[in-house]
Amino acid sequence: MHGSIVEGIHAIVAEFYSSNLSAEVQKGMLEKVKQGGWPHQAPLGYKNLREGTRNIATVVIDPETGPHIKEAFKLYATGNYSQDDIRDFLLDRAMTNKKNPKKPMAMVTIGKLLTNPFYTGVVRYKGAQYPGQHESLITSQLFQKVQATFDVRNQGSAVRTRKNPHYLEGILFCADCGSRLSIDTAKGKYIYFYCLG
């Protein structure tokens, strides 16, 4: 019986330690973001760089991929290119799916890329935005044109003709930003919804 009590106490202490460690990590990440840093892998067009005697991680524009991402924003802002076109444009420049380099990027990746304010020098984290320390890749004006293009396309495509229509088509919206939800299939069998905004 005493063994069970000790074992239970050890389990409670371990759970508290794990929970406390997780909270401290989250607090540290938030503090880094508030100071303009980025706690994750750099988005496409940027790269993580460690420099200086303290080996501090920073995010810098990737000279190889950065210009292509900038051009992708410019193309989409014209309203003459779809997200499929942008994906093909990036694929032609050897920017592919990270998990499977033989495949193009997923459409959800293209959508996230074109709606990420990080490219304007802003860090978005847990619903809030902070000024970043990294160099902006595009102007705020270009970013706003891209968002306006998204809005026009979302309004004009309430119900699209699809190979595989679903009964919720055109009526599902994102709870966070209000954009339409689209549907896709992973690995040929797992159906999931994703935000177009």
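User: What share of the contacts in the protein with a separation of 6 or more comes from residues 24 or more positions apart?

Analyst: Such residues account for 43% of those contacts, a contact being heavy atoms within 4.5 Å. The model is predicted: local features need pLDDT of at least 70 and side-chain atom pairs pLDDT 80 or more, while totals for chains, interfaces and linings use all residues. Residues are numbered from 1 along each chain as its sequence is written, and side-chain values use heavy atoms, without hydrogens and water.

User: What makes up the protein in terms of helices and strands?

Analyst: There are five helices and six strands. Helices are DSSP runs of H or I with at least four residues, strands are runs of E with at least two, and both are numbered from the N terminus. From that end the order is α-β-β-α-α-α-β-β-α-β-β.

User: Why is Q147 called buried or exposed?

Analyst: Buried means under 20% relative accessible area, exposed over 50%, and partly exposed in between, with a 1.4 Å probe and protein chains only. Q147 has 17% relative accessibility, so Q147 counts as buried. This residue lies in helix α5 (residues 140-156). Leaving aside neighbours within four places in sequence, Q147 is in contact with L114 and T115. Of the 197 residues of the protein, 31% count as buried.

User: How do you know on which side of α3 the buried residues lie?

Analyst: In helix α3 (residues 83-92), the buried residues are Q83, I86, F89 and L90. They cover an arc of only 115 degrees around the axis, so they are on the same side of α3. The arc is taken from the directions from the helix axis to the C-beta atoms.

User: What caps the N-terminal end of α3?

Analyst: S82 does, with a side-chain oxygen 3.3 Å from the backbone nitrogen of D84. Just after α3, A94 has a positive phi of about 65 degrees.

User: How many aromatic pairs does a search of the whole structure find?

Analyst: The search finds four. Rings of Phe, Tyr and Trp (its six-membered ring) pair if their centres lie within 6.5 Å; planes under 30 degrees apart count as stacked, over 60 as edge-to-face and the rest as tilted.

User: Why is the pair of Y76 and F150 called stacked, edge-to-face or tilted?

Analyst: The ring centres of Y76 and F150 are 5.1 Å apart and the planes are at 40 degrees, so this pair is tilted. The pair links distant parts of the chain, with Y76 in helix α2 (residues 66-77) and F150 in helix α5, 74 residues apart. Both Y76 and F150 are buried.

Notes:
Polar contact = N/O pair within 3.5 Å; in protein donor to acceptor, adjacent residues only side chain to side chain.
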